[in-house]
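Me: Please take a close look at one part of this structure, the nonpolar core, and describe carefully how it is put together and what lies apart from it.

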Amino acid sequence: MKHYSESAINVPIKNKKLTILNMISTTCAPCLEHIPHLDKYQKKFDKDIQIILVFHEDQKTIDRFRGFVPQLKNTILPVITKESGLPKKFQTKVYGSCVWIDQNGIIKTQLNYYQFNDKAINSYLKYGQLVKSKVVHKMDNKNTVLENLKIDSANRMISSFQLFRIDSNFYTSQKTMWNFEKDSKGILNRIYAYDTDIMSITKNVFDQRYLHNSRVVINIKNKERLLPNYSERHYNHFAFEFTNSENTNRNALELLKKHFSTALSVSFKDTTLNTKCYVLKRFKKVNIKAKKIIDPNSVSADEFKFNNIMKSKSEDNFYILNSLVWGMFIDDINLGNYGKKFDLFIIDESGIPKDQIVDITFFLRPDNITLVNSSLEKFGLKMEEEFRPLPVLLVEDSN
């Protein structure tokens, strides 16, 4: 324990109404930037809450980072490290997640760092739960019928479907979220989503295989129907609500596919096309398991990465992959989970077992594959732009 009166603590904290575990990593730049806000909340609600930083790295790594990360050096919050075993108790998929635990040790909710604010804390302390913002649609009456499209089936009791673009003033706490509701029999009967686009629709309604943009081929004469040009501030494309009655035997997601196709006058086809992609190959045998590669610069690899990402002093993003499953790395890099997303889908033909734990460092520069390859060379790896037959989602005009 650091920054606390005792060497060990019990979770939840005694005499506190709420204990909040911020699951954090030194590789998460937004998480580190958010620490001063957590300090502010701790000072403001110190009587009722205790926020704890739970790092996925060991004490040695945290101490090293404290030397050049002011947010970590100056925080007043207790710090728990990997040695405690606590990070393994919570299967958080996103760093920055805040686990809220009440005074009886019951987990009440889990929020991302950007949802964690004064309002959320006040709501819990006053009502014992989070106040959910009421969602109100603000539709732009100046838009055309196609832009504010509303289609209902002949029998509203069976199903109803609404699809529309959201007014630029629209805001909801459920932004980017999908919700699925089931009836008393456990049958899916309502789906609604806000601030979504064709890729999000594909991810949740069609097939998880098409998460990468390069695997969705759009052959539409008027692409404005699918990819409207919004301002930088308001990038949302579509919102929709879909209701499926208990009396309907057909699967709700299947009906939703049909309604989307009708509403947009397009067809969604599963097919295989010869698609341009990056092929990750292994040109020489190098044992990369637990192999540490230190950046040749005078500063440490950790500090170099911190300077690049946090302070944006360089266009070169240096990425460190420590003790991570190889297959997970390939999936995450295709999803863009490392901050920058490669334009083309990456096919792994390296032959490295998907479950192998690896330690590598490399430059993450989707716009400069030569630079990426120069940093991968020491591991006997390289990326080449080639064509491969890949499953794709083909979006075409219905007529």
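Reply: What follows is a reading of that core, and then of two other places in the chain. The model is a predicted one, and the description should be taken in that light.

The largest nonpolar core holds 29 residues, and within it Phe240, Phe260, Phe268 and Val395 touch the most other members. Two or more residues each are supplied by strand 7 (159-164), strand 9 (188-196), helix 5 (198-206), strand 10 (216-219), strand 11 (238-244), helix 6 (252-264), strand 12 (266-282) and strand 16 (381-397). Of these elements, helix 6 gives the largest share, six residues. Once neighbours within four places in sequence are set aside, phenylalanine 260 is in contact with Phe161, Leu163, Ile201, Phe240 and Phe268. Apart from this core lies another, made of 28 residues, including Ile35, Phe55, Val69 and Ile121. In soluble globular proteins, nonpolar side chains tend to be buried together.

Burial can also be followed along a single element: helix 8 (residues 326-335) is largely enclosed by the rest of the structure, because seven of its ten residues are buried. Those buried residues are Trp326, Gly327, Phe329, Ile330, Asp332, Ile333 and Asn334, and just after helix 8 comes glycine 336, with a positive phi of about 80°.

Glutamine 103, by contrast, is exposed, with a relative accessible area of 54%, and sits in the loop between strand 4 (98-102) and strand 5 (107-111). Leaving out residues up to four places away in sequence, glutamine 103 touches Pro12, Lys16 and Lys17, while its C-alpha atom is separated by 5.9 Å from that of leucine 18, although the two residues are 85 apart along the chain.

Technical notes
Residues numbered from 1 in each chain as written. Predicted model: local features only at pLDDT ≥ 70, side-chain atom pairs only at ≥ 80, totals over all residues. Heavy atoms only, no water. Core = buried A, V, L, I, M, F, W, Y, C linked by side-chain atoms within 4.5 Å. Buried < 20%, exposed > 50% of the residue type's maximum accessible area, 1.4 Å probe, protein only. Helix = DSSP H or I, 4+ residues; strand = E, 2+ residues; numbered from the N terminus. Contact = heavy atoms within 4.5 Å.
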